[in-house]
Every structure is written in C-alpha cells, then in structure tokens.
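Colleague: I am new to this one and would like to go through it step by step. Could you show it first and then explain the terms as they come up?

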Amino acid sequence: MTEQKRRGIYLLPNLLTTAGLFSGFFAIVSSMNGRFEAAAVAIFVAMVFDGLDGRVARMTNTQSEFGAEYDSMADMVSFGVAPAIVSYNWGLTGLGKIGWLAAFIYVAAAALRLARFNTQIGIADNRYFQGLASPAAAALVAGLIWVGVEYDINGQDYGIIVAIITGVSGLLMVSNFKYNSFKELNLSGKVPFVALLIIMLIFVVVATEPALVLFIVFSLYALAGPINTFRTVDKLTIEDVVGDAKEQDEECQPEEDTKTEDKKTQDK
C-alpha cells in the first residue's frame, strides 16, 4: 500500500496542468480551422490554469518533481508551440520562409527560456524573471491576434508586423532583461477597502475592451524589462542584454565582513 502511494501522482494540481495543456492544444486546432479569436482566448485561459496549478500545489502541499516536469512540458505546448502556430496561421503564411522562421524563433526561444528557468530554480532572485516569462510572451502574441480579429484586421495584410512582434517576443524570452515577477505580493494579507474598489474598476475596464486592454497591458510589461534593466545598471554591457548572465554567487566574490555581504545581496 505504501509503495502504491509513493508511485502515485497528485490529482488536483496535475488536473489543472492538464486543463492548461488542453487549452493550448485547443488553440492550435482552432487556428487550423480559422477560429483565431477562440485560439487567442484559449491561450489566455491556459495562462489562468498555469497560474492556478502551482498555487494549488503549494496550498495543498502536493508539490512533486513529476508535477514540475509535467507543468514545464505543458507550458511548452501552451506558451511555446501554440502561440507560434496561431500566429503563423493568422498572419505569417503569406511571408513564405520568413513567416515560418519567425514562428520557429519564437518556439525555439520558448524552449530555451523554459530550460533556463528550470536550471535556475532555487538560485535565481525570486523578485525578477531573467527574460520575459513564456506566458507573458504568449499573451503578447495572442493579444495581438485577438485585437486583429476584434477590429476585422486581416493578419496577412500586416504579415511583417506580425513577424516582428512574434520574433521580438521570442528574443525577449531569451534575453537577460529583468522583469518583475510580483512574487513578493502578499495576496493573503489585509488591504485597505479602497484596494477592492480599484480591483473592481480594473475588471470593469478589462471587460469593456478585453482584447485591446490585455494587449496594451502585456505590451507595456514587455517594454518594462529593458527599461528596468537600463535603469538599474550603471553601465550597460552585452551580458545585461543577452548571453551568460553575470555571476551572482557569493563564491565568486572576495570574502568581506558579513554586513557588507548582506548589503550586496539585498542590492541585487
């Protein structure tokens, strides 16, 4: 009996991960059938499930190595393959090789982004993401498509713009730009009553024009990474943009007194 429990998997968090995977696959199928609005919405739905599975696993103490690996593979489909294929079917087919190469850049970047993230768990600064997170990049591409459908824009007529946004979204994922992770937010703590009113107003604004508002929000977030990096470094180097990030391990620093080391760690 003990052996069977040890080999089992936790149902609830993996069920949510499966729902996210299904949403990503549904987006691919919908784009193949020309239903681009449904495809874009499905990618945003996958983002919701992706945010829930990890939180539910932590709240119910059901984290596992299997769940972490499964979540990463599901993310590759939902936020790597799906946005690229939806983008290609909507606006890149008319560009020939340039179109599918732009889509491939996004897919390859998403794979590299997820692999780098998995290798940095436990050692990276939780306050920031290194490079644009794959769900945010997927939201940027899906938001563009959703806005295009809402305003009756033919993606094939603006293929170059679609290719640029798709390719740049991929490159931002593998960049070293620092993006706020918002993981330090305490959602279980008390907040002023006015905060609830502000949240309500945000929902109202999003509900009026969800496609346009979401696209603007994630576009601003994508721009925030370069701005945040340029603002926090004294002298911009190639390592701040792309390539191997600067070493942050304490072993690589000369030994100093404890207070100085603590201050350096906080500054990072």
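Modeller: Helices (H or I, at least four residues) and strands (E, at least two) are DSSP runs, numbered from the N terminus. This is a predicted model, in which local features need pLDDT of at least 70, side-chain atom pairs count only at pLDDT 80 or more, and totals for chains, interfaces and linings use all residues. Residues are numbered from 1 along each chain as its sequence is written, while side-chain values use heavy atoms and leave out hydrogens and water.

Colleague: How many helices and strands are there in the protein?

Modeller: Read along the sequence, the pattern is α-α-α-α-α-β-α-α-β-α-α-α. The totals for the protein are 10 helices and two strands.

Colleague: What percentage of the residues is buried?

Modeller: Buried means under 20% relative accessible area, exposed means over 50%, and partly exposed is in between (1.4 Å probe, protein chains only). The protein has 268 residues, and the buried part of them is 37%.

Colleague: Which element gives the largest share of the largest nonpolar core?

Modeller: A nonpolar core is a set of buried Ala, Val, Leu, Ile, Met, Phe, Trp, Tyr and Cys residues joined through side-chain atoms within 4.5 Å. The largest one has 49 residues, and F44 and L132 have the most contacts inside it. Two or more residues each come from α2 (11-32), α3 (36-59), α4 (65-92), α5 (97-119), α6, α7 (159-173) and α9. The largest share, 11 residues, comes from α6.

Colleague: Is G143 buried or exposed?

Modeller: G143 sits in helix α6. Because its relative accessible area is 0%, G143 is buried.

Colleague: How far apart in space are G143 and A211?

Modeller: Along the sequence, 68 residues separate G143 from A211. From C-alpha to C-alpha, the distance between G143 and A211 is 6.0 Å.

Colleague: How far apart in space are I216 and L144?

Modeller: I216 belongs to helix α9 (residues 210-232), and I216 counts as partly exposed because its relative accessibility is 40%. I216 and L144 are 72 residues apart in sequence, and their C-alpha to C-alpha distance is 9.2 Å.

Colleague: What separates the C-alpha atoms of L12 and A57?

Modeller: L12 is in helix α2, and with 46% relative accessibility L12 counts as partly exposed. Along the chain, L12 and A57 are 45 residues apart. Their C-alpha atoms are separated by 7.8 Å.

Colleague: What separates the C-alpha atoms of S181 and R127?

Modeller: S181 lies in the loop between β2 (178-180) and α8. S181 counts as buried because its relative accessibility is 10%. S181 and R127 are 54 residues apart along the chain, and the separation of their C-alpha atoms is 5.5 Å.

Colleague: Where is D152?

Modeller: D152 is exposed, as its relative accessible area is 74%. Its phi is near 55°, a positive value in a residue other than glycine. D152 is in the loop between α6 and α7.

Colleague: What is phi of N61 near?

Modeller: N61 is in the loop between α3 and α4. At 60% relative accessibility, N61 counts as exposed. N61 is a residue other than glycine, yet its phi is positive, near 55°.

Colleague: Which residues form the negative surface patch?

Modeller: Patches are made of residues with over 30% relative accessible area (Shrake-Rupley method, 1.4 Å probe, only the protein chains shown as cover for residues) and no salt bridge (a side-chain nitrogen of Lys or Arg within 4 Å of a carboxyl oxygen of Asp or Glu); like charges are joined within 9 Å, nonpolar side chains (Val, Leu, Ile, Met, Phe, Trp, Tyr) within 5 Å. Lys and Arg count as positive and Asp and Glu as negative, without His and the chain ends, and a charge is placed at NZ of Lys, CZ of Arg, CG of Asp or CD of Glu. E150, in helix α6 (residues 134-150), counts as partly exposed at 39% relative accessibility. The negative patch is formed by E37, E150, D152 and E209.

Colleague: About what area does the nonpolar surface patch have?

Modeller: V194, one of its residues, is in helix α8 (residues 193-208) and counts as partly exposed at 46% relative accessibility. Made by F193, V194, L196, L197, I198, M200, I202 and V204, the patch has an area of about 770 Å².
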